[in-house]
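Colleague: Could you walk me through this one slowly? I'm still learning how to read such pictures.

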Amino acid sequence: MEQALRHKPRQSFAGLWNISFGFFGIQIGFALQNANMSRVFQTLGSSIDDLPALWVAAPLTGLLVQPIIGHLSDKTWNRLGRRRPYFLTGAILSAIALFLMPLSPAFGAPLLFAAAMLWLLDASLNISMEPFRAFVGDMLGADQHAAGYAVQTAFIGAGAVVGSIFPWFLEQMGVSNVAADGGIPDTVKWSFWAGGIALFTAVMWTIVTTKEYSPEEQAAFATGEETAPVQPVRALASKSYLGSALWMLAGLVVVISVDGLGLEKEVFLLGALLAAYGVISAIGISLAKQGRTTNMLSSIVGDFSGMPEVMKRLALVQFFSWSALFIMWINTTPVVTQYVFGSTDTASVAYNEGANWVTVLFTVYNGVAAIAALALLPWLSRKVGKVMTHSICLTLGAIGFLMFFLVRDATTLLLAEVGIGIAWASILAMPYAILASNLPQAKLGIFMGLFNVFIVVPQLLVATVMGSIMQAFFPGEPIWTMLFAAASWLIAALAMQRVKAAIPQETHHA
């Protein structure tokens with residue numbers, strides 16, 4: 001029996017569809033969040049300068065949730081399987097958050113309630129999303145990893161199209177797009193409610209139509225990376241506390257700098273997180289030195305410090321890639337409404353027309369991503385390899401951000417979204433295809449969760465530091481954030497070239 005299971009069976013297109021269809025619903029939730037939360041916050045009375053602080057809930061929850069869920073899902077096996085219990089839990093909680101979000105004005109502190117719902121929504125989406133990344137690696141052999149993540153990316157793009165375009169679509173159907181001062185427009189309300197239903201339904205499709213391999217079956221598959229068990233937690237016992245002390249010192253310096261340099265108060269959070277990681281790593285090292293290596297804390301800290309080289313190099317690429325994306329999600333609505341539609345009054349027709357145009361722009365880049373994932377990326381990676389493919393796509397995206405900085409015509413900005421969409425497709429597919437073929441199967445969940453930390457950390461930096469930069473140098477001028485985004489993607493494109501040396505030759509091609 002073991003010999004028969006040495007290689008995972010190839011999945012048909014229907015199998016690939018079922019494995020990733022739940023991500024279609026998850027991405028509807030992310031798209032509604034990304035395209036509408038700045039609008040919701042501004043409608044409820046937030047200023048542009050306060051937006052990063054309100055958005056900070058989203059990356060913070062990801063930072064906490066993803067490594068924990070990755071670690072737990074690696075060790076889970078019950079009637080639902082290994083990853084599917086987390087799909088279901090996240091879907092239920094996400095649907096609840098999407099249904100409650102539009103009701104924020106009914107509460108005594110609507111901005112606070114909306115921020116709390118964003119926190120719940122992002123945490124819940126991450127509970128489902130992180131295991132979906134590992135699920136592809138669980139279910140597919142190395143020869144289908146690129147195809148699996150391409151299909152997943154196509155569903156991400158398709159889900160984002162549906163989530164992004166829905167408010168605009170409802171407006172065309174006659175639903176009111178302007179609410180009384182302090183209210184949320186009906187187009188946004190009904191979009192969130194429909195999104196909750198769609199998310200839950202899509203995730204349930206994957207849960208019902210897939211059957212995970214048991215731990216015994218997984219152990220029987222031949223994976224060269226697992227011939228020697230990877231146990232970085234053991235190496236943790238030999239580490240000194242110097243690194244932990246430096247993390248705590250860095251956090252203290254950041255906290256002190258807030259008043260000394262006149263930074264925004266959100267930067268306190270960044271300092272606290274740096275110091276907290278120093279404390280956590282010190283505890284993990286201490287437990288490992290005592291021989292207590294099976295606890296979750298030591299395991300996560302050990303895996304983080306013992307990441308494979310290819311993962312470390314890709315982490316730098318992810319850092320700059322997602323810095324730009326978070327800048328885009330926070331600032332596209334203020335930029336388009338102020339510079340293209342000429343209004344900062346959230347109750348005006350011009351502002352709400354501009355905000356709806358942002359949903360169209362987001363629909364375009366996500367639609368382009370869905371097409372590029374299945375058509376452009378496989379072809380390009382066969383021609384030049386995954387590394388160069390990713391560098392090219394990131395450069396095209398940087399050009400798109402530069403267009404936002406220079407162009408003041410709404411229709412022309414659609415062209416900018418083509419470049420951004422191609423880059424987005426590559427960000428969602430290429431790094432994960434590379435990782436899935438170069439990570440040990442037994443730790444795929446935790447390593448995917450830790451890799452996603454480098455999605456979250458740049459978002460926290462943007463949410464905490466960007467406000468101070470903009471307030472100090474460009475107050476009331478959000479257009480400059482697009483220049484920062486373009487520079488971030490160009491740096492990521494260059495950093496991708498460092499990854500090449502860490503990837504075995506056979507994984508260069510799809």
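Modeller: Let me begin with a term we will need: a polar contact is a pair of N or O atoms within 3.5 Å, where, within protein, one must be able to donate a hydrogen and the other to accept it. Please also keep in mind that this is a predicted model.

Colleague: Okay, so which side chain makes a polar contact with the side chain of Trp-329?

Modeller: That is Tyr-365, whose side chain is 3.0 Å from the side chain of Trp-329 in this polar contact.

Colleague: And where does Trp-329 sit, and is it buried or exposed?

Modeller: Trp-329 belongs to helix H13, which covers residues 309–340, and Trp-329 counts as buried because its relative accessibility is 5%, where buried means under 20%.

Colleague: How far is Trp-329 from Phe-362 in space?

Modeller: Their C-alpha atoms are 9.3 Å apart, while in sequence the two residues are separated by 33 positions.

Colleague: Switching topic, what about Thr-481, which helix is that in?

Modeller: Thr-481 is part of helix H19, running over residues 480–499, and with a relative accessible area of 1% Thr-481 is buried too.

Colleague: What does Thr-481 touch, leaving aside neighbours within four places in sequence?

Modeller: With those set aside, Thr-481 is in contact with Ile-327, Asn-331, Val-335, Met-466 and Met-470.

Colleague: Zooming out, how many helices and strands does the protein have?

Modeller: There are 19 helices and zero strands, and of the 510 residues in the protein, 58% are buried.

Colleague: And how much surface does the protein expose?

Modeller: About 19200 Å², of which carbon and sulfur atoms supply 69%.

Key. Residues numbered from 1 in each chain as written. Predicted model: local features only at pLDDT ≥ 70, side-chain atom pairs only at ≥ 80, totals over all residues. Heavy atoms only, no water. Helix = DSSP H or I, 4+ residues; strand = E, 2+ residues; numbered from the N terminus. Buried < 20%, exposed > 50% of the residue type's maximum accessible area, 1.4 Å probe, protein only. Contact = heavy atoms within 4.5 Å. Areas by Shrake-Rupley, 256 points an atom, 1.4 Å probe, with all protein chains shown as cover.
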